[in-house]
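Student: I would like to learn how to read a sheet and the residues packed around it. Could you take me through one example, step by step?

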Amino acid sequence: SLQVMNITQLTDTFDLAGDTFTWPTITPEIVGPVPSGETAKLEIQVTIPPTATLGSYDTATITLTSQNDPSVTASATLTTYAAITTYLPLVER
């Protein structure tokens with residue numbers, strides 16, 4: 001999850017673009033409308049493939065661009081790591 005804060009003077013909607021993802025990733029195409037001075041939550045969903053090994057990762061840069069003023073942008077670099085979780089069966093006596 002990311003938060004986007006609109007620091008402009010107007011309610012704005014932001015276009016979202018991401019560079020090439022290696023792992024399957026779902027991102028919204030737009031965020032908003034976001035009122036001036038308010039924040040909006042941005043959900044990015046990454047699916048770690050079952051073939052991923054411990055310590056492998058995928059990095060992507062997400063860029064938001066204002067629809068009111070395309071010169072206003074913000075970006076974040078996101079890294080998703082693969083961790084292995086072992087589940088043991090519950091045995092009751």
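Tutor: We will go from the sheet to its strand pairs, then to one residue, and last to the core. Please keep in mind that this is a predicted model.

Student: Let us start with the sheet, then: in what order do its strands lie?

Tutor: To read a sheet, one goes across it from strand to strand and notes the direction of each pairing. Here the open sheet has 4 strands in the order β4-β2-β7-β8, and the pairing is antiparallel. Because β4 (30-34) and β8 (73-81) each have a single partner strand, they stand at the edges, and one side of each is left without a neighbour in the sheet. Neighbouring strands of this sheet are turned against each other by 20° on average, if direction is ignored.

Student: How many bridges join β7 to β8, and how many pair β2 with β7?

Tutor: Between β7 and β8, which run antiparallel, there are 9 bridges, and one of the residue pairs is I62 with its bridge partner A76 in β8. These two strands also form a hairpin, with 6 residues between them. Strand β2 (residues 12-18) and strand β7 (residues 57-66) are paired in the antiparallel sense over 5 bridges, and A17 stands opposite T63 in β7.

Student: Where do the side chains of a strand point?

Tutor: In a regular strand, side chains alternate between the two faces of the sheet.

Student: Now for a single residue: is S66 buried or exposed?

Tutor: A residue is called buried when its relative accessible area is under 20%. S66, which is found in strand β7, has 2% relative accessibility and therefore counts as buried.

Student: Which partners does the side chain of S66 reach?

Tutor: The side chain of S66 makes a polar contact with the side chain of D12 at 2.4 Å, and it also reaches the backbone nitrogen of N68 at 3.1 Å. If we leave aside neighbours within four places in sequence, S66 is in contact with D12, T13, F14 and V72.

Student: Finally, which residues make up the largest nonpolar core?

Tutor: That core has 10 residues, namely V4, F14, L16, V31, V34, A40, L42, I44, I62 and L64. At least two residues of this core come from each of β2, β4, β5 (39-42) and β7. To see the packing from one member, take L64: not counting residues up to four places away in sequence, L64 touches V4, F14, D15, L16, V31, L42, V72, T73 and A74.

Conventions:
Residues are numbered from 1 along each chain as its sequence is written. This is a predicted model: local features need pLDDT of at least 70, side-chain atom pairs count only at pLDDT 80 or more; totals for chains, interfaces and linings use all residues. Side-chain values use heavy atoms; hydrogens and water are left out. Two strands pair if DSSP finds at least two bridges between them. Axes are lines fitted to C-alpha atoms, for helices over the stretch in contact, and angles run from 0 to 180 degrees between N-to-C directions. Buried means under 20% relative accessible area, exposed over 50%, partly exposed in between (1.4 Å probe, protein chains only). A polar contact is a pair of N or O atoms within 3.5 Å; within protein, one must be able to donate a hydrogen and the other to accept it, and residues adjacent in sequence count only if both atoms are side-chain atoms. Contact means heavy atoms within 4.5 Å. A nonpolar core is a set of buried Ala, Val, Leu, Ile, Met, Phe, Trp, Tyr and Cys residues joined through side-chain atoms within 4.5 Å.
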